[in-house]
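Please follow this chain from a single side chain outward to the fold as a whole, keeping the coordinates open while reading.

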Amino acid sequence: MSVDLFPFQQYWWFYAAFTAFVLLLLALDLGVFHRDSREVRFREATIWCVVWVSLALAFAYGFYRYALWRFPRDPRLAGLAGFDPTAAARDTALEFLTGYIVEYSLSVDNIFIFVLVLSYFAIPARHQHRVLFYGILGALVSRAAFIALGSVLMRISWVVLLFGAFLIFTGIKMMFAPEKGLEPEKNPVIRLFRRIVPVTPELYDQRFFVRLNGVLHATPLFIALLVVEVTDIIFAVDSVPAIYALTDEPLIVFTSNVFAILGLRAMYFLLAGAVGRFHMLKYGLSVVLIFVGLKMVW
């Protein structure tokens with residue numbers, strides 16, 4: 001009999017505490033470590049990559065120890081025939097780690113888009129962290145919405161088959177699709193925004209908006225941020241169903257997604273100068289999506 005190990009009604013406090021912890025990390029990141037606009041060097045990016053991965057591994061271990069303590073004391077689970085609390089705790093930790101690795105791997109593709117976006121809008125290196133910071137903050141909100149919606153839809157069997165088929169199709173399409181350049185001006189969201197808010201031709205330090213002659217203008221820095229946000233929403237359509245193929249626990253999906261997104265900025269600054277060397281990346285990501293899609297359909 002299938003049962004939710006972490007129902008929202010019982011573990012809402014876990015979601016709240018985890019979200020507060022993430023917001024604290026982001027506040028320290030922007031308010032303390034990156035208060036001033038400056039270029040993030042390779043060495044600093046490497047250190048931050050290690051920090052984010054170490055935090056994810058520490059969370060996985062703490063999550064395992066908590067599940068190991070909690071499951072035997074949960075009256076909903078105690079009455080289940082054949083339920084092994086130790087095995088269930090181990091499986092939840094493994095599902096988190098697997099989901100984290102898959103999401104982190106799929107997020108590498110985002111880095112290529114970030115490089116193209118920031119280059120297209122000629123965003124100086126000292127301002128790139130600010131754009132990606134708020135891009136990641138928006139991604140956390142959009143991913144939470146996708147995960148909440150997915151937790152409802154994935155309970156419907158034909159939706160699971162549909163998502164699995166979609167991942168297989170996306171993987172095949174990614175494998176054989178030709179390389180395309182970036183054309184933000186053709187994006188309907190950007191075109192609509194430009195009709196509503198005028199955009200300045202040049203940057204104004206690290207400001208997203210500036211008032212000129214009494215009229216509010218957006219700067220290219222905000223347009224770059226808007227493209228990053230739209231791109232992440234598109235990628236979320238692939239990545240969220242992919243992790244639901246690995247686990248049906250929304251709490252695990254949410255936490256593994258968040259940790260993968262948190263480490264994305266550091267990975268960008270680590271790999272941005274070497275993206276041209278990843279010629280075979282799209283084939284590797286295609287195989288991951290096809291494999292996960294086949295697992296979901298099966």
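In this predicted model, F14 counts as buried because its relative accessibility is 13%, which lies under the 20% limit set for that class. F14 belongs to helix 1, and once its neighbours within four places in sequence are left aside, the residues in contact with F14 are F59, F63 and L251. The last of these partners is remote in sequence, for F14 and L251 stand 237 residues apart along the chain, yet their C-alpha atoms are separated by 8.6 Å.

F59 leads on to another aromatic residue, since F259 is in contact with F59 and also with F18, L55, A56, F96 and Y100, again leaving aside neighbours within four places in sequence. F259 is, together with F71, V131 and Y268, one of the residues with the most contacts inside the largest nonpolar core, a set of 72 residues. At least two residues of this core are supplied by each of helix 1 (8-33), helix 2 (42-70), helix 4 (85-120), helix 5 (125-153), helix 7 (188-196), helix 8 (220-244), helix 9 (250-262) and helix 10 (264-271). The largest share, 12 residues, is the contribution of helix 8. As a general background to such an arrangement, nonpolar side chains in soluble globular proteins tend to be buried together.

Is a leucine of helix 4, L97, buried or partly exposed? L97, which is found in helix 4, counts as partly exposed because its relative accessibility is 27%, a value between the 20% and 50% limits. Not counting residues up to four places away in sequence, L97 touches L57 and A60. The C-alpha atoms of L97 and Y61 are separated by 9.8 Å, with their positions 36 residues apart along the chain.

Charged side chains add another kind of pairing, and the count of salt bridges comes to 2. In one of them the side chains of R76 and D74 meet with an N to O distance of 3.2 Å. The two partners fall into separate classes of accessibility: R76 is partly exposed because its relative accessible area is 30%, whereas D74 counts as buried because its relative accessibility is 1%. The other salt bridge is formed by E103 and R143, whose closest N and O atoms are 3.7 Å apart. This pair links distant parts of the chain, with E103 in helix 4 and R143 in helix 5, 40 residues apart. E103 and R143 are both buried.

Seen as a whole, the chain holds 11 helices and 2 strands. Read along the sequence, these elements follow the pattern α-α-α-α-α-α-α-β-β-α-α-α-α. Of the 298 residues in the chain, 47% are buried. The accessible surface comes to about 15400 Å², and 68% of this area belongs to carbon and sulfur atoms. When contacts between residues at least 6 apart in sequence are considered, 79% of them join residues at least 24 apart. The contact between F14 and L251 described at the outset, with its sequence separation of 237 residues, is an individual example of contacts that join residues at least 24 apart.

Definitions and conventions. Residues are numbered from 1 along each chain as its sequence is written. This is a predicted model: local features need pLDDT of at least 70, side-chain atom pairs count only at pLDDT 80 or more; totals for chains, interfaces and linings use all residues. Side-chain values use heavy atoms; hydrogens and water are left out. A nonpolar core is a set of buried Ala, Val, Leu, Ile, Met, Phe, Trp, Tyr and Cys residues joined through side-chain atoms within 4.5 Å. Buried means under 20% relative accessible area, exposed over 50%, partly exposed in between (1.4 Å probe, protein chains only). Helices (H or I, at least four residues) and strands (E, at least two) are DSSP runs, numbered from the N terminus. Contact means heavy atoms within 4.5 Å. Accessible areas come from the Shrake-Rupley method with a 1.4 Å probe; for residues, only the protein chains shown count as cover. A salt bridge is a side-chain nitrogen of Lys or Arg within 4 Å of a carboxyl oxygen of Asp or Glu.
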